[in-house]
Amino acid sequence: MSDNILEMRDITKSFSGIKALSDVNFTIKRGEIHALCGENGAGKSTLMKVLSGVWPCGSYEGKIILNEKECEFHNVRESEQAGIAIIYQELALVSEMDAGENVFLNAWHMKNGLIDFPSVYYHTKQICQELKMNIDPTRKVREFGVGIQQLIEIAKALAKKADILVLDEPTASLTESEVDILMEFLRGLKEKGVTCIYISHKLDEVLNISDNVTVLRDGKTVGTYQTAGLDEAFLIRQMVGRELSDRFPYKTRELGETVFEVENYNVMKEDDRDKKMLDDISFSVRKGEIVGISGLMGSGRTELALSLFGFLKGKKTGNVRLRGKETHIDSPSDAIRKGLGMVSEDRKRLGLFLDQSVVKNIVAASLPKISRHGVIDENEQIYLAKKYEEELKIKTPSLQADVKSLSGGNQQKVVLAKWLMTEPDVLFLDEPTRGIDVGAKYEIYNIMMDLAKRGVAIIMISSELPEVLGMSDRIIVMHEGKITGELSHDEANQEKIMHLATGGEKQ
Amino acid sequence: MMELAKQKKSFFGNFKGNIRAYTMIIALISIWVIFGFTTEGIFFIPRNLSMLVRQTSITAILSIGMVFVIISGNIDLSVGSIMGFCGGVAACLQVWGEVDTVWAVLITLAVGAAIGMWHGFWIAYRQVPAFIVTLGGYMIFRGMLLGLTKSVSIAPLQESFIAIGQGYLPPIAGWGLAMILGVMAIFMTFKGRASKIKYGIEAPSMKVTILKAAAIVAFVAVFTIIMNQYQGVPIPVVIVLVLAILMTFIAGRTRYGRSIYAIGCNAEAAQLSGIKDKKIIFVMYIVMGMLAALAGIVLTARLNAATANAGMMAEMDAIAACVIGGASLMGGVGSIPGAVIGALVMASLDNGMSLMNTENFWQYIVKGLILIVAVWIDIASKKKVQ
């Protein structure tokens, strides 16, 4: 048997005459973890779609050689039968079904024409145990955290006897500790001889887990490198094709007076009125200040922001002061009127109107501003949208294009534009750079710095520690609905944040 | 590279989107041509066309309201029952209460608004799914109509009331209306082009714009001539035109309309953007209730009686009209002109098949098949683009 389990040779794929991939070569050794890196739009997903048969053979040029045999996949089923399983960022689990049902969905063990559930659960348990994951296979999938769900998805792939596993941004919605579990898990898989293709924007993970890295840029292979001895700067250089001297444009600045203050803020859970979701939260933000909120998934960071913004229903107590004055915010429209803005974590769910045009998305939160007696002033609308399009350098074919046709980074800029147009004094940014590439991230940081300089108070929630460390004047760390500590820009480091985030006391 | 590919695709998407709007009109014209042949031209005589547009008007009034409901991601199954019940209320007021026409119309519209409030309350403020609330309303108001009429026809109504459903504009007034529409059409087409150019959006060439305006003016003129050849433009058609223009403006140019599209597209994002979704949905059902009441008034006036089975299945016709006109039951997509053309398609099928003496059961079957095929074409054309 050859060393190479998979070779993709000279793959070229065009869309309406434009090459998304041109002569891409991608070779995977048996049993390795091979990372695939590149900016958004570099062609990673297209390459994986060619591999999995989403783009059937004939729609691209080039050869796929699997186990020394040339393969022609006409659809996803054929590639699955050949042992290739792709796990996408959006998980394909049926959340109302239990773990066992999901693992063997449509690959049931049968007995006398009926599904043999004892066997299904037994084998699910076995696969999970092999993966050092101890779960109850009869529990519904939605009751597990996203991290475990991801592992269930992998178990599902293994149940189908996959020997090449493609993971597309597997850690995008995982917390640091869940990421660690996944990493451990992938190393275990490697020992069993499963080959992994690992696609991620998070370069520290790539360096940590992979044996080799292939970098794509503008639909071409830049190169394949042995991971040992690489550093992030090198990878970024290969990905963007230029030097990014400083990843964070942070500068110390003169801060203004306190604009937003929260004191003894408690919020009860919506479904259980006796349980506190947020417990005795007190913090303040000054004019022009960037306050980072860090914490693990489920620590209540997002809930804090959404609740202060009037979006969550749970009963709340405590004081909120805006520009020194006591205030109550009971709905998002109220919050916007009072000068708050909210770039939410999940831009597809809470931020964008995907089927609507860029201009309609940008003005969506400013309708009162651009209308008179309820009638929208078209001139004003286009004028303002254009202004923010230029200011944020949103790359779009036109303002009338559907926002879903833009790349992730540009979509995020549209959401930012929407909120900048409301001219907020206090802006919440919940995971402002999730799932967007290095170049776009840097642009977003620049926008943040610019806003802060103009006096906007920014509250940034982020799971990415380097980002929190690199951009915040002050860092608040949360754990299980409480604030466990506060760190200044200079004293903060990863260890201190993780210590507080896992419930430790401030030393 | 990918970026470019995506851009090209989205450009194609918009282009195809326009083509789709035109396929609807092409489909309508082909239906007409087929009926023209099968009825040996009777379909096209002024008397029949006048009847056709009058038949269209009731479904059109309902579908103009329904399309907002569908765009917002909701549904209203009760409009047929509301229409029947409100028609009954109007008839009772006129026949038993001897209320004059103006008051009868106003009170009936108020009843429609109250019914809309009832639905809106449960849907917006109590979060009961619209399907359930309006299915309940479908039964409740059908029941109320049965109670009201005791299964006998309530007739006859006053002359001035009957005119709402059976009257015609005098030819001169018809031409006046045509003039207004023509001038509006020319103004809007050119202004639309000018603003596109102003904001650097790809605009059609001057030639195309002139042709487009000329086509609309010619259509309005031909329509008026044909209607005047019979007895004039029917009053219900005037009502539909006024409503369609008003509601198109509301859909496209007002905060309210924009909010409805936003809610249908992504309700949570709309809420977080400060759109008061509950209030908007509440108001939307009130408008729907009033339009259903108006449809009831037109229906009762046209029949010169209120009956227990008035408005049966009208909700299905209205929903089908919206969907044929390009509205998506997933929400966020739909247009008022589309819904009106959809209503015209439904009425044309009824009218043409009646002329051909097709048995009644065939009409249901054909309409059902056309609905499915129309949506399939829509889905298939979207897939192709992607």
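Here are some friendly notes on this two-chain structure, which is a predicted model.

1. A good place to begin is where the two chains meet. On the chain A side, 50 residues are in contact with 34 residues of chain B. Together, chain A and chain B bury about 3800 Å² between them, and 60% of that area is on carbon and sulfur atoms.

2. Now for the specific pairings across this boundary. There are nine residue pairs in polar contact between chain A and chain B, counting pairs with both residues at pLDDT 80 or more. The count of salt bridges between the two chains is two. One of them brings together the side chains of Glu268(B) and Arg349(A), at 2.6 Å from N to O.

3. Which parts of chain A supply at least two residues each to the side that touches chain B? There are two strands and six helices to look for: strand S2 (18-29), helix H10 (332-337), helix H11 (347-351), helix H12 (358-363), helix H13 (367-370), strand S20 (375-376), helix H14 (378-391) and helix H15 (408-421), each of chain A. H14(A) gives the most to this side of chain A, with five residues. Sorted by class, the residues on the side of chain A that touches chain B are 24 nonpolar, 15 polar and eleven charged.

4. Salt bridges also deserve a look beyond the boundary. Over all chains, the structure holds 32 of them. One example joins the side chains of Asp334(A) and Arg337(A), at 3.1 Å from N to O. Both Asp334(A) and Arg337(A) belong to helix H10 of chain A, where they sit three residues apart, about one turn of the helix. You may recall H10(A) from the previous point, as one of the elements that supply at least two residues to the side of chain A that touches chain B.

5. Next, turn to chain B and the second largest pocket. This pocket has a volume of about 790 Å³ and a lining of 26 residues. To find its centre, look for Thr59(B), Met312(B), Asp317(B), Asp350(B) and Lys367(B), the lining residues that lie nearest to it. By class, the lining has 14 nonpolar, eight polar and four charged residues.

6. Which helix gives the most residues to the lining of that second largest pocket? The answer is H15(B), with six residues. Helix H15 (360-385) is one of the chain B helices that each supply at least two lining residues, along with helix H2 (46-71), helix H12 (277-303), helix H13 (314-324) and helix H14 (336-355).

7. The whole structure also has four cavities of 30 Å³ or more. The largest cavity has a volume of about 110 Å³. Its lining includes Glu169(A), His201(A), Lys202(A), Arg434(A), Lys441(A) and Glu464(A). By class, the lining of the largest cavity has two nonpolar, three polar and six charged residues.

8. The second largest cavity has a volume of about 70 Å³. Among the residues that line it are Thr175(A), Glu176(A), Met297(A), Arg301(A), Ile497(A) and Met498(A). Strand S15 (290-295) and helix H18 (494-501) of chain A are the elements that give two or more residues to this lining. H18(A) provides the largest share, three residues. The class split for the second largest cavity is six nonpolar, four polar and two charged residues. Ser463(A) appears in the lining of the largest cavity and also in that of the second largest cavity.

9. Finally, two backbone details are worth checking by eye. Most residues other than glycine have a negative phi, and most peptide bonds are trans. Against that background, Asp23(A) has a positive phi of about 50 degrees although it is not a glycine; Asp23(A) lies in strand S2 of chain A. In chain B, a cis peptide bond joins Ala155(B) and Pro156(B), with omega at about -10 degrees. Where should you look for Pro156(B)? Pro156(B) is in the loop between helix H5 (130-149) and helix H6 (159-166) of chain B.

Note on methods
Residues are numbered from 1 along each chain as its sequence is written. Chains are lettered from A and ligands numbered from 1 in the order in which they are written. Side-chain values use heavy atoms; hydrogens and water are left out. On a 1 Å grid over the protein atoms alone, a cavity is a set of points where a 1.4 Å probe fits but cannot get out, and a pocket is an open set with protein on both sides within 12 Å along at least five of seven lines; lining residues have an atom within 4 Å of a point. Grid points are joined across faces, edges and corners, and a volume is the space filled by probe spheres set on the points. Helices (H or I, at least four residues) and strands (E, at least two) are DSSP runs, numbered from the N terminus. Ala, Val, Leu, Ile, Met, Phe, Trp, Tyr, Cys and Pro count as nonpolar, Asp, Glu, Lys and Arg as charged, and the others, Gly among them, as polar. Contact means heavy atoms within 4.5 Å. Buried area is the accessible area (1.4 Å probe) that two parts lose on being put together, summed over both. A salt bridge is a side-chain nitrogen of Lys or Arg within 4 Å of a carboxyl oxygen of Asp or Glu. A polar contact is a pair of N or O atoms within 3.5 Å; within protein, one must be able to donate a hydrogen and the other to accept it, and residues adjacent in sequence count only if both atoms are side-chain atoms.
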